[in-house]
Amino acid sequence: MQLRALVLIVLCVLMAALSASARGQDGTVLDRLGIDVHGFLDMRGGMRTQDDAYERDTSLGEIRLQTDISRMGDVAALQVRADFFYDDVAEETDLDLEDGTGLVDLREANVLFSPFRIVDMKIGRQILTWGTGDLLFINDLFPKDWQSFFIGRDEEYLKAPSDAVFVSFFPAFSNIDVAYTPRFDADRYISGERLSFWDSMGGSRRGCDNIVHAHKPDGWFEDDEAAIRVYGHVIGYELALYGYNGFWKSPKGIDTQTEKATFPKLWAYGASLQGPLGSGLLSLEAGHYVSDEDESGKDPYVPNSELRLLAGYEREIARNLTAKFQYYLEHMQDYGHYKASLEAGQKARDEDRHVLTLRLTKLALNQTMTLSFFAYFSPSDEDAYLRPMMKYKVTDNWLVMAGGNVFAGHEDHTFFGQFEKNTNVYAALRYSF
Amino acid sequence: MSNKIQAFLVSALWLCIGAVVFAQEPGVDAIIKKANDASYYAGRDGRADVKMSIVDKKGSTRVREFSILRLNVQGNDQKFYVYFKAPADVRKMAYLVWKNAGKDDDRWLWLPALNLVKRIAPGDKRTSFVGSDFLYEDVSGRGIEEDDHVLVKTTDSEYVIKSTPKDGQSVEFSHYSIWIDKTTFLPLKAEYYDKNGKLYRRVEAKKVETIQGYPTVIEAVASDLKAGSITKNVFSNIEYDIGMKERIFTERFLRRPPREVTR
């Protein structure tokens, strides 16, 4: 642990020196090569506001150096963005670039170029995003990092990187994006390592002494993922169609032989629409998740197929104050079969999970201060998740922020209610260079 | 007969003089139209690098650096692409605007860390542009039909025009005065009065240069007289008519910034 801290400090000094020399005078090696070095140093701490028998009181304690090295050439753009960090809470300390544990979380390492006039290609590690939801995702089946999201890391960490080839075609009639991931990239899911949760199969809470060890499909070009989006503008509206073939992104299945959690096969298709309505912005999205390994919905160890819907509306309600409202639905397709398949005593989820979200964003003090409030509320699950946050830019370089992750619910097994014991507050200090 | 010719010549002469006088003193709407064209529509397209320094009352300074591309499309519609270079936390962010004259603009923001193209809800155009004393409307232009304009004074070098909003509820000012240069038609100063008739805001063109035949503001200052803050914009590497393609102003080039902004 001490060694890792030392390595980190050395790296910090090195990067600071490098960036100072890169910006200090013209004609340094980096300048001549057209290489840009930027990034930030981020210190962050958080704690639970109540006892959790399964986890530490400290929910977050880390120092993180992000270095973003890029070169924009005429032929290609190169980018390597890596986080070097010391994380005091993590149990898993072995270096794993896939999970972002250990000392390094490689966020991006890719090359972007245009092999033809109407084609762009990005190859390598990259962050992938699409869809119209705000902190709700239907057709965006790229990996998420729920753990980072719930403990108070910056919102950018909700997106976990993919190792993929992303090809965009721009024929005259529309735009087509294809993402191919040769080896499945799972979510950085809630394993119990830092957040305790309700294990519906086991019927109990789990935490850091009983972490989920999932069996992840890991065959190159065999356990692969493909996603496609076709989109275009129709009379001021953005219309998109989506498709995905891969796996459930979090380990929602159980292998009854090994009793390990698994990622069953999934394919999905959907559509979205976004555009102005009145003085605001309307978003609609729908998706059908087809759980290939259990089409009838009878297998209790494989999640059922689902229909997911989302409707959102955003508008400025006062100067520098924006509100966004969303309604989201998860409808289980074969609910009867699901209920029949449950074991005695196992808590059933509802056929329809309804979620409402509200986001309020207020900019103040010449936009140097952001006050943000995001709330998820499920009337069907009777649970809620609140994300209050404030950040203030002290100078162009220094930023302070503080916030909370508040979970509330009636029952142990509901989506947000299960995290009740993880309610936490956090604060951070960041220097960008 | 000769009298008739004389009368004709005299009246023709008067007509000519009238026409000359009329040409020298265009109507107020024509002046405003020309000023709007000179400020926001020069050339078919244009680019500039902008260094924006925001100095607050206490003297602390914040700096934003960005490149801006503009393309005139049909009618008064335009497309803008803004690519941020500083400060570090907004570096590589890009902002795309399709300005729809007389309607809400379509706007998108590119957030590189999330790889996200985020469509932005239509907003009040009289809010600060990136936290500066310039307003969104100062950057993209205010519809000339939104105000009633009165020519108050004509000096040797300037027209002074008072503009009063047709819909007083939609804006924070009661009226504003603009000083427009008679030869270039560039507005050199605008002063805004609040609902109590008190001067509270000033925007000035401090330096003007002619670039490729287009008179161009290369230094502009906006002052918030109430808050005591001042923002200075310095424009450099200005170019017009570079043959910008409309396809630059699409999601593709948010994801992959065009050469026009990165070089």
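This is a short dialogue on how to read a predicted model of two chains, A and B.

Q: Where do I start with a predicted complex, and what ipTM and pTM does the predictor give?
A: Start with confidence. The predictor gives this complex an ipTM of 0.88 and a pTM of 0.89. For chain B, the average pLDDT is 90. In that chain, 91% of the residues score at least 70.

Q: Next, the overall make-up. How many helices and strands does each chain have?
A: Chain A has four helices and 23 strands. Chain B has five helices and 13 strands.

Q: What radius of gyration would a compact globule of 433 residues have, and what does chain A have?
A: Compare the value with the rule for a globule. A compact globule with 433 residues would have a radius of gyration near 22 Å. Chain A has 22 Å, so the two agree.

Q: What box do the C-alpha atoms of each chain fill?
A: Take the box along the principal axes. For chain A it is roughly 70 × 55 × 50 Å. For chain B it is roughly 85 × 45 × 30 Å.

Q: What percentage of each chain is buried?
A: In chain A, buried residues make up 36% of the 433 residues. In chain B, they make up 28% of the 263 residues.

Q: How do I read contacts against sequence separation?
A: Set aside pairs that are close in sequence, then look at what remains. In chain A, take the contacts with a separation of 6 or more: residues 24 or more positions apart account for 57% of them. In chain B, take the contacts between residues at least 6 apart: 41% join residues at least 24 apart.

Q: How do I read strand pairing, and in which sense do β1(A) and β2(A) pair?
A: The general idea comes first. Strands of a sheet pair through backbone hydrogen bonds, either parallel or antiparallel. Here, β1 (residues 35-48) and β2 (residues 58-72) of chain A pair in the antiparallel sense, over 13 bridges. One register point to check: A:Val37 has A:Ile69 in β2(A) as its bridge partner.

Q: What joins β2(A) to β3(A)?
A: A hairpin does, through three residues. β2(A) pairs with β3(A), residues 76-87, in the antiparallel sense over eleven bridges. Within that pairing, A:Gln66 is bridged to A:Asp83 in β3(A).

Q: Which strands are at the edges of the sheet β10-β14-β13 in chain A?
A: Read the strand order. This is an open sheet of three strands, in the order β10-β14-β13, with mixed pairing. The edge strands are β10 (214-215) and β13 (253-255), and each pairs on one side only. β13(A) pairs with β14(A), residues 260-262, in the antiparallel sense over three bridges. There, A:Ile254 stands opposite A:Ala261.

Q: How do I read a nonpolar core, and which residues touch the most other members of the largest one?
A: In soluble globular proteins, nonpolar side chains tend to be buried together. The largest nonpolar core here has 41 residues, and A:Leu128 and A:Phe419 touch the most other members. Elements that each supply at least two residues include α3 (146-151), β6 (162-169) and β22 (398-409) of chain A. The largest share, four residues, comes from β12(A).

Q: What is A:Phe419 in contact with, beyond its neighbours in sequence?
A: Leaving aside neighbours within four places, A:Phe419 is in contact with A:Phe150, A:Leu195, A:Phe197 and A:Phe407. Another core, of 20 residues, lies apart from the largest one, with B:Phe129 and B:Phe185 among its members.

Q: How many residues does each chain give to the contact between A and B?
A: Chain A gives 33 residues and chain B gives 23. On the side of chain A, the elements that give two or more residues are β5 (119-126), β15 (265-277), β16 (280-290) and β17 (306-318). β17(A) gives the largest share, three residues. By class, this side has nine nonpolar, 15 polar and nine charged residues.

Q: Now a single residue. Where does A:Gly102 lie, and is it buried or exposed?
A: A:Gly102 lies in the loop between β3 and β4 (104-116) of chain A. A:Gly102 counts as partly exposed because 16 other C-beta atoms lie within 10 Å; the buried class needs 20 or more, and the exposed class 12 or fewer. Beyond four places in sequence, A:Gly102 touches A:Thr93, A:Asp94, A:Leu95 and A:Asp96.

Key. Residues are numbered from 1 along each chain as its sequence is written. Chains are lettered from A and ligands numbered from 1 in the order in which they are written. This is a predicted model: local features need pLDDT of at least 70, side-chain atom pairs count only at pLDDT 80 or more; totals for chains, interfaces and linings use all residues. Two strands pair if DSSP finds at least two bridges between them. Two residues are in contact if their C-beta atoms, placed from the backbone, lie within 7 Å. Ala, Val, Leu, Ile, Met, Phe, Trp, Tyr, Cys and Pro count as nonpolar, Asp, Glu, Lys and Arg as charged, and the others, Gly among them, as polar. The radius of gyration is taken over C-alpha atoms; the globule rule is 2.2 Å times the number of residues to the power 0.38. A nonpolar core is a set of buried Ala, Val, Leu, Ile, Met, Phe, Trp, Tyr and Cys residues joined through C-beta atoms within 7 Å. pLDDT is the predictor's confidence in each residue, from 0 to 100.
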